[in-house]
Amino acid sequence: MSAPVLSVRGLDVAFRVGRGARARTVRAVTGADLDLRPGRLTALVGESGCGKSVLTEALTGLLPATAAVRGSATLSTPDGDLELLDAPESDLRDRVRGRLLGLVPQSAATHLTPTRTVGAQLRETLARLGAGIPVAELMERAALPRHVLELYPHELSGGQAQRAGLAAALAGDPPVLLADEPTAGLDRPLVEHVTALLAGLADEGRAVLLITHDLRAARDVADDVAVMYASRLVETGPAAEVFTGPWHPYTAGLLGALPDAGFTPVPGHPPELSALPPGCPFAPRCPERERCSGDPEPVRHGDRTVSCSGPVGS
Amino acid sequence: MSEHTALAPRGTRPERTDGWRPAGRPRPGSPRGRRSPGRVRLVAGAAGLALLVLSALLVPRLGGLDQGLVDYTAIRLPPSPAHPFGTDSVGRDVLLRSFAGLWVSLQVAAACAVLSTVIGTLFGAVSGLLGGWSDRLLMRLVDAVNAVPHLLLGIVIVALYRGSVLAVIASIGLTHWTTVARVVRAEILSLRSRPFVDAAVSGGASRWRVLSRHLLPAVLPQAVLSAVLILPHAVWHETALSFLGLGLPPHLASLGTILGEGRQAVLLGSWWIVVFPSVLLAATTLCVAGIAAWWRDRSLPRRRSEQAL
Amino acid sequence: MSLRADAVTAGWRRGRPVVDRVDLAVPPGSVLGLAGPSGCGKSTLTRVLALLHAPWSGTVSVDGEPVHRFRFAAPAALRRRIGVVFQSPRAATDPRLTLERIVAEPLRAARVPAAETARRVAEVADLVGLTGELRGRRPHEVSDGQLQRACLARALAPRPDYLLCDEMTAMLDASTTAALVSVVSAEVTGRGLGVLAVSHDEQLLDAWAGEVLRPWS
């Protein structure tokens, strides 16, 4: 496998929520190890509230004002390695965002200025990034028809808005693309269309991170998958292996909950991120609890990792 | 959960011993660290207003103000240690009178603000909820009331009922409610098509229940904010009426009355009779505006860090 | 005995119907699926069936009785017989209320005594898997999945005869989807609840619904 272009090691993100007596510390990401490689689409899967979005915010330097981090996130650039967590705002603004890291935000329509046409905003983005790609080519990459350029954000359908967000993210031709829930609220055919677009971009040599709670969409296009639960990456590895033979009981539970698999929910609730139990966060709900030491540290077996001392089936 | 995290506001030295470092970047518009400018405004405004109100209540009493007592030996004395704001054309101490007048002005303004807000909220809520042609009709009524100059309408009302405090309150209250009505109606319109109203209707709620339990409480912050913003207007409006001699009766002298009486004195060189009450008026308005600004900023959508992950 | 729509035509702008002469019957004790792409009119039809929106023509009848008045004019007791769960739990809840209060709302509107309300709220919250600790929280303090559970509890609280799920699970992950579906299915078999499941997700409907209608294809 090729060398990773974005390498995250031991990432911890925490921040303060609330004021005075109601203040709590939220551990949104704990001990995350993740590699994004060129030419591969990695799906980051987890239910809403598990901390997935916070991970992308940490990588792009868009965390809320009260956040603190630990660990490293190293981006390989032609000019050497860049530590994203320590990079000053000027570096992030001028070198990283848009040029090295493209971000396709959740609910793209709300990230577009409502008073300007899509075309005007894309042209402005292109000019700002100095990329030199003609707008027409950008539209083609995002599979958007030409007439969308003249529309205002509120006139776009859900799918068009999402693809407009994708076009804006591609304006600087970044080698790494982070897509945060790009298919939320879209119809199945459109979900497949957008994920196919992202897979195509990965095939062109980019490293794509697809963040989603939609397991089926991930299963269709991902080369690698990372499963997140209560701020931890409980399992990572090549998608084909993980989806057919999951090691972590949570992954197995999620797969078993799909309509075509068994429709069996995982009993219980995920813990609050402000009150994580020590050790493995999944333990209270885990059917393998008896055979487990409760140690949540990730164990590596080849190109798969699992945060479980009692892998399913072993 | 026993880890110590160095969650320090920007600008302070983080502890690097356990590897944690601050990573949040304040974005334009969001408060930087703990001391946000809005808080300064609130503290200054609230403190100032509290000071002014307390003074308005206590100073005349402590100073032994008697509005009816005239002292022709002390006419139009400039500011001195005995009379810090000087005396007016009949020898009364301007300091004591100003604070007494401030108290009257505040009471009248508060009554006007409450009246305007109540009328405006009910109007806007009913209009927004009814929708259709009733809404359009009611809004044309709002436009009509708005089209008439406030002061003119106010003058007409007080001229009909000279010397009546209620007339003064009515003249201001009946002209300033239109902004509140518009704001409340806009809020109601945006809320009434949201699924949570549908859910309430499906649960068997009547129109009145939806309005009183779900919609009005949601617009309450906006309505109260409007009330607070009306206060300075009401103070100025009443001041104008009293200045023209059309406002409150002489025994209920407000700041406006004092300013009106001081008109002549200014031409004779006694600037203190007009300047000091005006400064009090401006200070009150600024304090109220400061509190209102803090409230308005605070009711903006929640900061990202407090939203669900 | 069913919730029926006969030749219902409805829409939002005069002259542009989004539901055109649709016939539909939701029988008790079963799940009827309604499939179609977004924007086709499924939600409008759902709102007509929930008596929230008056149709332009056609009849809606509940257990044989035709309904003549809709929304606020429809009898409250009749409205309570048909529960609705919407796609976005955040838009469907009042952000100032606790989850407990949200679930209790239909009971309070019906002037059920406080003790009985509290008992029923606890009962239905347990049914959907909403723990005691969560009940005192406000919507912004809980996740989408938990909030949608509360919305389902709210719809089930007055013991409706019919339940309309308008893209209930579209924003939820696989496990929460399976959990809510199993709660609804239990009510169907246990109490004879009649369910209309509206979704663009064919796989979900195939696994969940007995019969699937596709009036827009």
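**An open sheet in chain C and the contact with chain B**

In this predicted model, 5 strands of chain C form an open sheet with parallel pairing, in the order E6-E7-E8-E3-E9. Local features here need pLDDT of at least 70 and side-chain atom pairs count only at pLDDT 80 or more, while totals for chains, interfaces and linings use all residues. Residues are numbered from 1 along each chain as its sequence is written, and chains are lettered from A and ligands numbered from 1 in the order in which they are written.

Visitor: Which strands of chain C stand at the edges of the sheet, each with a single partner strand?
Guide: Strands (E) are DSSP runs of at least two residues, numbered from the N terminus, and helices (H or I) are runs of at least four. Two strands pair if DSSP finds at least two bridges between them. In chain C, two strands have a single partner strand each, so one side of each is left without a neighbour in the sheet: E6 (82-85) and E9 (211-213).

Visitor: Which residue of E7(C) stands opposite C:Val84?
Guide: E6(C) runs parallel to strand E7 (residues 162-166) of chain C, and 4 bridges join them. The residue of E7(C) opposite C:Val84 is C:Leu164.

Visitor: Are the residues C:Ile82, C:Gly83, C:Val84 and C:Val85 of E6(C) buried or exposed?
Guide: A residue is buried if 20 or more other C-beta atoms, placed from the backbone, lie within 10 Å of its own, exposed if 12 or fewer, and partly exposed in between. C:Ile82 and C:Val84 point one way from E6(C), and C:Gly83 and C:Val85 point the other way. On both sides, these residues are all buried.

Visitor: What is the bridge partner of C:Leu32 in E9(C)?
Guide: Strand E3 (residues 31-35) of chain C pairs with E9(C) in the parallel sense, over 3 bridges. In E9(C), the partner of C:Leu32 is C:Glu211.

Visitor: Which helix gives the most to the side of chain B that touches chain C?
Guide: Two residues are in contact if their C-beta atoms, placed from the backbone, lie within 7 Å. The contact takes 19 residues from chain B and 26 residues from chain C. Helix H7 (195-202) and helix H8 (207-243) of chain B each supply at least two residues of that side of chain B. The most, 7 residues, come from H7(B).

Visitor: How many helices are there in chain B?
Guide: Along the sequence, chain B follows the pattern β-α-α-α-α-α-α-α-α-α-α. Beside 1 strand, the number of helices in chain B is 10.
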